[in-house]
Amino acid sequence: MVNSDRLNRWLTLGANVGILAGLILVAVQIQQNSQLVRMQLLNDGNLASNEIWASAAGEKPMEALAKAIENPEELTFTEFLENDVYLFSNMNLLYRNYELAREGIFNENEWQASVETLAPYFIANKFGRIWWREEGSAFFNPEFSAFVNKQLEDEEAMDSQAYWLLIRAQLSKSK
């Protein structure tokens with residue numbers, strides 16, 4: 001009878017520990033689901049914002065972008081707005097990676113690598129740098145903006161025009 005009581009106590013203890021472990025696992029799963037929903041909402045909001053802005057890009061956004069790089073002083077207000085949409089949408093996509101890293105989906109190196117690679121491509125020209133300084137950087141988290149600013153410190157950072165000129169020069173040499 002003593003062994004039976006002892007066995008019952010151990011079985012009861014084991015059952016209670018099992019129930020407690022199950023409750024802990026359910027709580028962890030609820031927390032993970034909440035984080036995934038939050039991440040999805042951040043991602044959806046970011047993409048919806050870009051879709052709204054993209055619809056305002058105008059009929060020939062690349063012509064406005066080329067003019068902003070080659071002759072920024074001659075931009076009309078409409079062309080400025082087209083460039084504003086283009087630059088904001090692209091920087092917002094980079095910011096999305098930053099937000100996903102803050103949620104634990106990406107790591108810091110991943111969002112920083114995308115900024116190191118693409119931010120100069122979009123804004124390392126006269127118009128882009130001024131746009132970023134005067135308008136763009138204010139939309140984003142200060143940590144993100146500071147990292148973008150760091151990329152723009154390099155005066156030799158290559159924007160889209162610099163790549164075009166490099167490729168054009170190589171094509172001319174290959175003739």
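Guide: Welcome! Before we start, a salt bridge here is a side-chain nitrogen of Lys or Arg within 4 Å of a carboxyl oxygen of Asp or Glu. The model we are looking at is predicted.

Visitor: How many helices and strands are there in the protein chain?
Guide: From the N terminus on, the elements run α-α-α-α-α-α-α. The count for the protein chain is therefore zero strands and seven helices, since a helix is a DSSP run of H or I with at least four residues.

Visitor: At what distance, N to O, do the side chains of Lys67 and Glu79 meet?
Guide: Lys67 belongs to helix H2 and Glu79 to helix H3, so the pair links distant parts of the chain, twelve residues apart. Glu79 also touches Ala64 and Glu74, besides Lys67, when residues up to four places away in sequence are not counted. The salt bridge between Lys67 and Glu79 has an N to O distance of 2.9 Å.

Visitor: Is Glu79 buried or exposed?
Guide: Its partner Lys67 is partly exposed, with a relative accessible area of 21%. For Glu79 the relative accessibility is 17%. Buried means under 20% relative accessible area, so Glu79 counts as buried.

Visitor: Which residue forms a salt bridge with Lys126?
Guide: Lys126 lies in helix H5, while its partner sits in the loop between H2 and H3, so the pair ties together parts that are 53 residues apart in sequence. Both partners are exposed. The closest N and O atoms are 3.1 Å apart, and the partner is Glu73.

Visitor: How many salt bridges does the count come to?
Guide: Besides Lys67 with Glu79 and Lys126 with Glu73, Arg133 forms a salt bridge with Glu134, with the closest N and O atoms 3.0 Å apart. Arg133 and Glu134 are both exposed. The count comes to three.

Visitor: Let's go inside. Which helix gives the largest share of the largest nonpolar core?
Guide: This core has 27 residues, and the members touching the most others are Met91, Val115, Ile123, Trp131, Trp132, Phe144 and Val148. Two or more residues each come from H2, H3, H4, H5 and H6. The largest share is eight residues, and the helix that gives them is H3.

Visitor: Which residues does Met91 touch, not counting residues up to four places away in sequence?
Guide: Met91 is one of the core members that touch the most others. In soluble globular proteins, nonpolar side chains tend to be buried together. The residues that Met91 touches are Ala119, Phe122, Ile123, Trp131, Trp132, Phe140, Phe144 and Val148.

Visitor: Are the rings of Tyr95 and Tyr98 stacked or edge-to-face?
Guide: Tyr95 and Tyr98 are both buried, and they are separated by about one helical turn because they stand three residues apart in helix H3. Their ring centres are 5.4 Å apart and their planes are at 25 degrees. Planes under 30 degrees apart count as stacked, so the pair is stacked.

Visitor: And the rings of Tyr121 and Phe122: stacked or edge-to-face?
Guide: Tyr121 is partly exposed at 32% relative accessible area, whereas Phe122 counts as buried at 10%. The ring centres of the two are 5.6 Å apart, with planes at 80 degrees. Planes over 60 degrees apart fall in the other class, so this pair is edge-to-face.

Visitor: How many aromatic pairs does the structure hold?
Guide: Ring pairs link Phe88, Tyr95, Tyr98, Trp111, Trp131, Trp132, Phe139, Phe140, Phe144 and Phe147 into a cluster. Among these, Trp131, Trp132 and Phe144 are also core members that touch the most others. The aromatic pairs in the structure number 18.

Visitor: Out to the surface now. Which helix gives the most to the nonpolar patch?
Guide: The patch covers about 530 Å² and is made by Leu118, Tyr121, Tyr163, Leu166, Ile167 and Leu171. Helices H4 (108-123) and H7 (160-173) each give two or more of its residues. One member, Leu166, is partly exposed with a relative accessible area of 41%. Giving four residues, the helix that contributes the most is H7.

Visitor: Finally, what percentage of the residues in the protein chain is buried?
Guide: The accessible surface of the chain comes to about 11700 Å², of which carbon and sulfur atoms hold 58%. The protein chain has 175 residues, and the buried part of them is 33%.

How values were computed
Residues numbered from 1 in each chain as written. Predicted model: local features only at pLDDT ≥ 70, side-chain atom pairs only at ≥ 80, totals over all residues. Heavy atoms only, no water. Patch = residues over 30% accessible without salt bridge, like charges linked within 9 Å, V, L, I, M, F, W, Y side chains within 5 Å. Areas by Shrake-Rupley, 256 points an atom, 1.4 Å probe, with all protein chains shown as cover. Buried < 20%, exposed > 50% of the residue type's maximum accessible area, 1.4 Å probe, protein only. Phe/Tyr/Trp six-rings, centres within 6.5 Å; stacked < 30°, edge-to-face > 60°. Core = buried A, V, L, I, M, F, W, Y, C linked by side-chain atoms within 4.5 Å. Contact = heavy atoms within 4.5 Å.
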